[in-house]
Amino acid sequence: MRVLLVEDKDSFRRMLVQALEAGPWEVTAVGDPREALGVLDAGPFDILVTDLRLPSMSGLELLKAAKRAQPNLRAVVMSAFGEPADIVEAIRWGADDFLPKPFDLDVFAAVLERLRSLRMAPPPDPREPWIVHSPAMAALDQALVKAAGTSLPVLFHGEPGTGKARAARRLHALRHPQAPFLACDGALGVPGPADLGLLRGGSVYVAGLDRLPAPALVGAMEGMEGQGVHWMGGCANPEALPEATRLRMGVLTFRLPPLRERREDILPLFRTFLELHARREGRSVPIVERAMEKELLHRDWPGNLRQLTWGLTQALGGTAGSVLAPLPPDGARRGGSMVLPFPEAGTLEAMLGAVSRAAEGVLLRRALEGRTSEPAALALELGLTPRALAKALREHGIPLEDD
Ligand SMILES: Nc1ncnc2c1ncn2[C@@H]1O[C@H](COP(=O)(O)OP(=O)(O)OP(=O)(O)O)[C@@H](O)[C@H]1O
């Protein structure tokens, strides 16, 4: 785990570096925030630890610049002069914790360990949309609120792309919104004992439960229960699960209805996704014509929300004016153009680096939204190992359950 430590007092900086020597940390320590910006430009970090009062630029300014460059960076700020306004500002800019100086080195290590678990398994973004317009989804949401009062394992089932992983994030957010949340896929394996300790009090969601052999699943469930980790799974058809799995997971079971059974959700979902995608690409939200709304409501959407989003991104890519271009016909796969936000002004190399990182994010999202294969096979199609794909998704803040 890569840590960037910014502290101008040499002796204190050395002491903090020493405190981290024994742990799983790869520490880069600097005294000057401008040097820190150069280091951040050169590659991704997991955690930033910075003093608030620094020469040449404040820790707050450094935090803002670092978060702009690497939005998923976890951060902790230290200060001997804990002015409440600065702390509030630091939290607003995404600092996860605050260490008032002087502090105990054990406290420092514990704060970093917590950030390590949040980095590995970030809690769901509270701003993520959760559309429950139809009676079927409203009833499901009520049931999730009830389930949140228990710590029982939960099984979500339904056709591909119906929102099983999203419902798992909703349940986690209802149970304990700040705790770590890890999503993985049965085909890629579940977290081992070393990682489970970090997830204590959090949740794990395993998509494709039917792709995980029953003995591996039972072993993993026992490990998670032992560590106080909430346990959720997803599959297309619970009847197809091995009996041992069904018995353990079938206590609380929720079916995600396909879109064609809850057409009331289609337009609100479409409008919300359209706005999100347009904003992400830095463009204004195009108008959706009445004829297109009708078409949206009448299609069958066998790929459910995934297909809806994919069609939308294709239409958005083909939009030149203020009206959204037509949806691709069912079964169409490629096309459109890629729109990227302009990078901040800088050297050509730095700007190209930023453009290339943004393009990587768009390409990964597209690949996921349009995917028909399992995650391991998708990684292969992209010329990546499953681990490299998971890492790239984490770096772009793309939910892991989509990997
Ligand atoms: N009710 C909802 N409101 C808003 N967005 C949703 C909702 N349900 C699902 N989504 C979004 O739709 C997309 C597909 O949902 P999700 O990944 O949860 O489906 P899934 O059933 O787990 O898919 P798969 O079976 O392919 O693993 C995701 O981007 C998710 O955030």
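## Exercises on a three-domain predicted model

Five strands, ordered 2-1-3-4-5, make up an open sheet with parallel pairing. Keep in mind that you're looking at a predicted model. Let's work through it piece by piece.

**Exercise 1. Find the edge strands of the sheet 2-1-3-4-5, then work out which helix packs on this sheet.**

Step 1. Start at the two ends of the order. Strand 2 (26-30) and strand 5 (97-100) are the edge strands, since each pairs on one side only.

Step 2. Check how the strands turn. From one strand to the next, the twist averages 15 degrees.

Step 3. Zoom in on one pair. Strand 3 (residues 47-51) and strand 4 (residues 74-79) run parallel and are joined by five bridges. Try spotting one of them: I47 has R74 in strand 4 as its bridge partner.

Step 4. Now look for the helix. Helix 3 (residues 59-69) packs on the sheet and touches strand 1 (2-6), strand 3 and strand 4. The direction of helix 3 makes about 160 degrees with that of strand 3.

**Exercise 2. Describe the sheet that contains strand 9: what is its strand order, and which strands sit at its edges?**

Step 1. Read off the order. This open sheet has five strands in the order 7-8-9-6-10, and the pairing is parallel.

Step 2. Pick out the edges. They're strand 7 (181-185) and strand 10 (252-255), each pairing on one side only.

Step 3. Look at the turn. Ignoring direction, neighbouring strands here are turned by 20 degrees against each other on average.

Step 4. Follow one pair inside the sheet. Strand 9 (residues 230-235) pairs with strand 6 (residues 154-157) in the parallel sense, over four bridges. One residue to click on is H157, whose bridge partner in strand 9 is C235.

**Exercise 3. Split the chain into domains and describe how domain 2 touches domain 3.**

Step 1. Mark the bounds. The protein chain is divided into domain 1 (2-120), domain 2 (135-257) and domain 3 (261-402).

Step 2. Take the distance. The centres of domain 2 and domain 3, taken over C-alpha atoms, are 26 Å apart.

Step 3. Count the contacts. On the domain 2 side there are 18 residues in contact with 15 residues of domain 3.

Step 4. Ask which elements supply the domain 2 side. Helix 6 (135-147), strand 7 and strand 8 (203-207) give at least two residues each, and strand 7 has the largest share with three residues.

Step 5. Sort that side by residue type. You get 11 nonpolar, four polar and three charged residues.

Step 6. Compare with the record. An unreviewed UniProt entry annotates residues 130-308 as "domain: Sigma-54 factor interaction". In the model, that span is 44% helix and 13% strand, and its end C-alpha atoms lie 15 Å apart.

**Exercise 4. Work out which residues surround the ligand, and why the ligand lies between two domains.**

Step 1. Collect the shell. The ligand is surrounded by 20 residues, and G163, K164, A165, R166 and L305 are the closest.

Step 2. Assign elements. Helix 7 (164-175) and helix 13 (304-317) are the ones that give two or more residues to the shell. Helix 7 provides the largest share, three residues.

Step 3. Sort by type. The shell holds 10 nonpolar, five polar and five charged residues.

Step 4. Draw the conclusion. Both domain 2 (135-257) and domain 3 (261-402) give residues to the shell around the ligand, so the ligand lies between them.

Key:
Residues are numbered from 1 along each chain as its sequence is written. This is a predicted model: local features need pLDDT of at least 70, side-chain atom pairs count only at pLDDT 80 or more; totals for chains, interfaces and linings use all residues. Two strands pair if DSSP finds at least two bridges between them. Axes are lines fitted to C-alpha atoms, for helices over the stretch in contact, and angles run from 0 to 180 degrees between N-to-C directions. A residue is near a molecule or strand if its C-beta atom, placed from the backbone, lies within 6 Å of it. Ala, Val, Leu, Ile, Met, Phe, Trp, Tyr, Cys and Pro count as nonpolar, Asp, Glu, Lys and Arg as charged, and the others, Gly among them, as polar. Domain bounds come from an automatic or database domain assignment. UniProt positions are given in the numbering used here, feature names are shortened, and annotations may be inferred rather than shown by experiment. Two residues are in contact if their C-beta atoms, placed from the backbone, lie within 7 Å.
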